[in-house]
Amino acid sequence: MRSKRSKVHPRHKRRYRVTNWASYNQALRRRGDLTVWFSPEIVRCWTPLPSGLRGRPRQYSDAVIELALGLRLLFALPWRQTQGFLTSLLDLMGLDCPVPDYSTLARRSRDLDVAVVRRPADEPLHLALDATGLAVFGQGEWAAAKWGGRGKRGWRKLHIAVDERGVIQAAVLTEPGASDPTVAPELLEQVDDVIAEVIADGAYDWRSVYRAIQRMGARSVIPPSRNAAVTGKPEHRDRDAHLRRIGEVGRRQWRKEAGQHRQARAENTFRRLKSEFGPRLRARHPKAQQAEILTACNLLNRMVELGFPSSTPIRA
C-alpha cells in the first residue's frame, strides 16, 4: 500500500518548533527504561488462579504472554531471543519465576484478548480517523522464496481513531478489502468517552458514517466530494453546512476554518507506529496479528503518557 503524498509544495508547508524540548527529551530517554515496561507487580499474577475447568491448568497468565509480546515489539526480537531476554530480566531482579519457552509464547499469543488501554479524557474528544496498510509474510512469498518466482505480497489494514493528545482511542485490524467507511462505526463504538467532533478525509463521506457520528452526538468534519449537493436530510446536517461554506469561501479556506487539517494527527500516528515497530506484522496467524498490533498501540499510548512534543508554528 503506497503512502499518501502531500499535495502541498514543500516551500509552502508550515514549519513547527518544539517548545518543551527538555521534558520531551527526558521522555525519549525513559522509553529505554526497563522499569517502565516491566513492573514487579506482574509477578503477583504470574501464575493464573485455578479456572475450575477440566484439564491441566495453565502455568503462565495472559499478562505474562502480553508482557513478552510487548518486549518483543519494543526491542525487535524474535521469540527465542525474547525468551532469553525475559529470563535475564528475572535473574537480574532476583525473581524465581518460570519463563515460558518460545513455542509457548508464539502459541499463546494467538489466544490473547488485547484491548486498547487509554486513560479517561477530562474533556470531550476530537477524534481523527484514518487507515493504513501493514505488510505480512504470506504463503505466496514463502512459495516464491522456496521455489523461485514472484510471490504475492500479503497485507492487512489498520483503522484507528486518534484524539488531540495523540492517544489511540480505538483500533481495528481488518482484511485489505475492508473499506474505511464500513469500519468507522465500529471504531466509534469502542470509544467510551464523550465525542465532540470526528475529523476524517473524503473517503469517509458516506451516509453510514454520518449516522454513526450523529448517534454519538458529535459533529462531523469530512470534506464532501467535488460533485456533492445539498440534500437537506437530517443525517447530512453538518455536510450541508460544509457545502454552503465551501461555496462561499472555497475548499482551502473551509479546511482552515473547520479544522479539517487536524486529520493529519492520524497520519502522524501511523508514522510513529511504523517507525517504532516497523511497517509489517511479524505474526503469521490472524489472531496473533490482532494481538500484536493492539499491543503496539498500547505501547505507543504509553510513550505518549511519558511525554509528547508540544510545538508551535514558525512564522515565515
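In this predicted model, the second largest pocket is lined by 20 residues, and those lying nearest its centre are Val36, Trp37, Glu66, Leu67 and Leu299. The elements that each give two or more residues to this lining are helix H2 (34-37), H3 and helix H12 (286-306). The space within the second largest pocket comes to about 590 Å³, and its lining, sorted by class, holds ten nonpolar, five polar and five charged residues.

Helix H3, which contributes to that pocket lining, also packs against another helix. The axes of H3 (residues 62-74) and helix H4 (residues 79-93) come within 10 Å and cross at roughly 110°. Angles of 65 to 115 degrees count as roughly perpendicular, and H3 and H4 are therefore roughly perpendicular to each other. The crossing in which H3 passes H4 is right-handed. On the H3 side the contact is made by Leu67, Ala68, Leu69, Leu71 and Arg72, while H4 supplies Trp79, Thr82, Phe85, Leu86 and Leu89. Taken by class, this contact has eight nonpolar residues, one polar residue and one charged residue. Leu67 thus appears both in this contact and among the residues nearest the centre of the second largest pocket.

A second helix pair is formed by helix H9 (residues 237-249) and helix H10 (residues 251-258), which pack at an angle of about 125° with their axes 7 Å apart; H9 and H10 are therefore oblique to each other. Here too the crossing is right-handed as H9 passes H10. The contact joins His242, Arg245, Ile246 and Val249 of H9 to Arg251, Gln253, Trp254 and Glu257 of H10, and by class it has three nonpolar, two polar and three charged residues.

The two pairs are set out below.

| Helix pair | Angle | Axis separation |
|---|---|---|
| H3 and H4 | roughly 110° | within 10 Å |
| H9 and H10 | about 125° | 7 Å |

Turning to enclosed space, a search of the whole structure finds one cavity of 30 Å³ or more, and the largest cavity has a volume of about 70 Å³. Its lining consists of Leu73, Leu134, Leu273, Phe277, Gly278, Arg280, Leu281, Glu292, Ile293 and Ala296. Helix H11 (264-277) and H12 are the elements that give two or more residues to this lining, and the largest share, three residues, comes from H12. By class, the lining of the largest cavity has seven nonpolar, one polar and two charged residues. Helix H12 therefore takes part in lining both the largest cavity and the second largest pocket.

Methods. Residues are numbered from 1 along each chain as its sequence is written. This is a predicted model: local features need pLDDT of at least 70, side-chain atom pairs count only at pLDDT 80 or more; totals for chains, interfaces and linings use all residues. Side-chain values use heavy atoms; hydrogens and water are left out. Axes are lines fitted to C-alpha atoms, for helices over the stretch in contact, and angles run from 0 to 180 degrees between N-to-C directions. Helices (H or I, at least four residues) and strands (E, at least two) are DSSP runs, numbered from the N terminus. Angles under 35 degrees count as roughly parallel, over 145 as roughly antiparallel, 65 to 115 as roughly perpendicular and the rest as oblique. A crossing is left-handed if the near helix is turned anticlockwise from the far one by less than a right angle, and right-handed if clockwise. Contact means heavy atoms within 4.5 Å. Ala, Val, Leu, Ile, Met, Phe, Trp, Tyr, Cys and Pro count as nonpolar, Asp, Glu, Lys and Arg as charged, and the others, Gly among them, as polar. On a 1 Å grid over the protein atoms alone, a cavity is a set of points where a 1.4 Å probe fits but cannot get out, and a pocket is an open set with protein on both sides within 12 Å along at least five of seven lines; lining residues have an atom within 4 Å of a point. Grid points are joined across faces, edges and corners, and a volume is the space filled by probe spheres set on the points.
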